[in-house]
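I opened my notebook today to look at how a protein meets its DNA, and how its chains meet each other. Come along and check each entry against the picture.

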2 protein chains.
Amino acid sequence: MRLYAERGYEQTTVADIASEAGLTARTFFRHFADKREVLFSGSEILLERMVEALDAVRPGQGPMRAVAAALDAAAVMLGRDPSFSRRRQSLIDASAELRERELIKMATIGAALADGLRRRGVPAADASLAAEAGIAVFRVAWEQWLAGPPEADLAGIMRATLERLSTVTTALSPEAADG
Amino acid sequence: MRLYAERGYEQTTVADIASEAGLTARTFFRHFADKREVLFSGSEILLERMVEALDAVRPGQGPMRAVAAALDAAAVMLGRDPSFSRRRQSLIDASAELRERELIKMATIGAALADGLRRRGVPAADASLAAEAGIAVFRVAWEQWLAGPPEADLAGIMRATLERLSTVTTALSPEAADG
DNA sequence: TGGACGATGTCATCAAGTGACATCACTGGA
DNA sequence: TCCAGTGATGTCACTTGATGACATCGTCCA
């Protein structure tokens, strides 16, 4: 992250990173599938936590309740270190390649959530939809959290955004869009 | 597309493609930013059509109405050639690199829709949320359309999925999830 | 003590991408 | 008719990401 921040992602070679760590480029690729992956090593853990939280929701609760629990778990995990999150995100935002990678990590989480919902007995189409909606909320809430003060409560923003999504999608005419 | 289908995306080199077209690899890169981009040349047009449709919605209509119009425009454009769409999508699904690229195209469209909504006076956060929700609907409907019979009506599926999203997000308890 | 194993290094190689420069066909005037 | 400009292409050289094959070295265990 330091090197990416100093020179920019594209200007930093894998050889740079490796030698900084006292290793070889070849060794770098034994630890990370590619140059992007360094910034996304935590995403499997995030996925696991979210799926665990989703699975832990009492059966019989609707899919969005389960998704909300997953979002809460994500917020707890990601909300701990705002400064780290900001630095990391600014690197990602600065590089198209990294943004692509971030998107596929999100998509992977979405697919896992959808799977989890189906395991709960949610019809396949609803599961996909609820999971995608969850990801949408995640994204918007995350962005909002990063834009706000460091002390802001990510979990709270997530919940409010989820709430808001339901309002926005339901209100097809403007006058119903109160907040 | 033929080469990608025959040998797979990774096994096809840019030199292969170029020589197939009677050109040089260097020339390929003058027409496409990279090897992935060949499959996504149509996406700017799709974006334009969707934004046009969004802009054309009567002011005062809620954001989801505008998004629905954009989805409709997309459906019209993408629903024309189911066989082409299927072949193309199966190539994309087979390659992580291509899936990444597809995701960033979707994200770009989402950002453009959010922008369009803000131009309509929709509050920034609601705009992001409505746009992301639209993309979610797009994705799920698209997948469903591809899985179904070729004669299925993409626009109809989009509308139904949007409808369904509102039901799913609103219904936080299971008993409310009729539909 | 010896051997399995895991982490690393070394070397060779391929493919993606890019910059610099040359070539060639076409087109719009002088 | 010819010439200059322009755009598309080719050629060459080079960097970098990524991978396979093989060697080395240290640790741990039977």
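A polar contact, as I use the term here, is a pair of N or O atoms within 3.5 Å. I also noted at the start that this is a predicted model.

**Entry 1: a phosphate contact.** With that cut-off in hand, I went to A:His31. An N or O atom in the side chain of A:His31 is 2.5 Å from a phosphate oxygen of DNA strand C, so the pair falls within the 3.5 Å limit.

**Entry 2: contacts with the bases.** Next I looked up A:Arg30, where a polar side-chain atom lies 2.5 Å from a base oxygen of DNA strand C. On the other chain I found B:Arg26, with a polar side-chain atom 2.9 Å from a base nitrogen of DNA strand C. Which elements give two or more residues to the surface near this strand? They are α3 (25–31) of chain A and α3 (25–31) of chain B. I wrote down that α3(A) gives the most, with four residues.

**Entry 3: the whole surroundings of the strand.** How many residues surround DNA strand C? I got 17, and the closest are A:Thr24, A:Thr27, A:Arg30, A:His31 and B:Arg36. Sugar and phosphate make up 49% of the strand C atoms that come within 4 Å of the protein. Sorting the residues of this surface by class, I have seven charged, six polar and four nonpolar.

**Entry 4: chain against chain.** Then I turned to where the two chains meet. In chain B, 36 residues are in contact with 36 residues of chain A. The size of an interface is often given as the accessible area lost when the parts come together, so I looked that up too. Chains A and B bury about 3200 Å² between them, with 66% of it on carbon and sulfur atoms.

**Entry 5: charges and polar pairs.** I found six salt bridges between chain B and chain A. One of the salt bridges joins B:Arg101 to A:Glu100, whose closest N and O atoms are 2.5 Å apart. There are also eight residue pairs in polar contact between the chains, with both residues at pLDDT 80 or more.

**Entry 6: what chain B brings.** On the side of chain B that touches chain A, α5 (63–78), α7 (96–119), α8 (124–147) and α9 (154–170) each give two or more residues. Which of them gives the most? It is α8(B), with twelve residues. By class, I noted 18 nonpolar, ten polar and eight charged residues on this side.

Methods: Residues numbered from 1 in each chain as written. Chains lettered and ligands numbered in written order. Predicted model: local features only at pLDDT ≥ 70, side-chain atom pairs only at ≥ 80, totals over all residues. Heavy atoms only, no water. Near = heavy atom within 4 Å. Polar contact = N/O pair within 3.5 Å; in protein donor to acceptor, adjacent residues only side chain to side chain. Nonpolar A, V, L, I, M, F, W, Y, C, P; charged D, E, K, R; others polar. Contact = heavy atoms within 4.5 Å. Buried area = accessible area lost by both parts, 1.4 Å probe. Salt bridge = Lys/Arg side-chain N within 4 Å of Asp/Glu carboxyl O.
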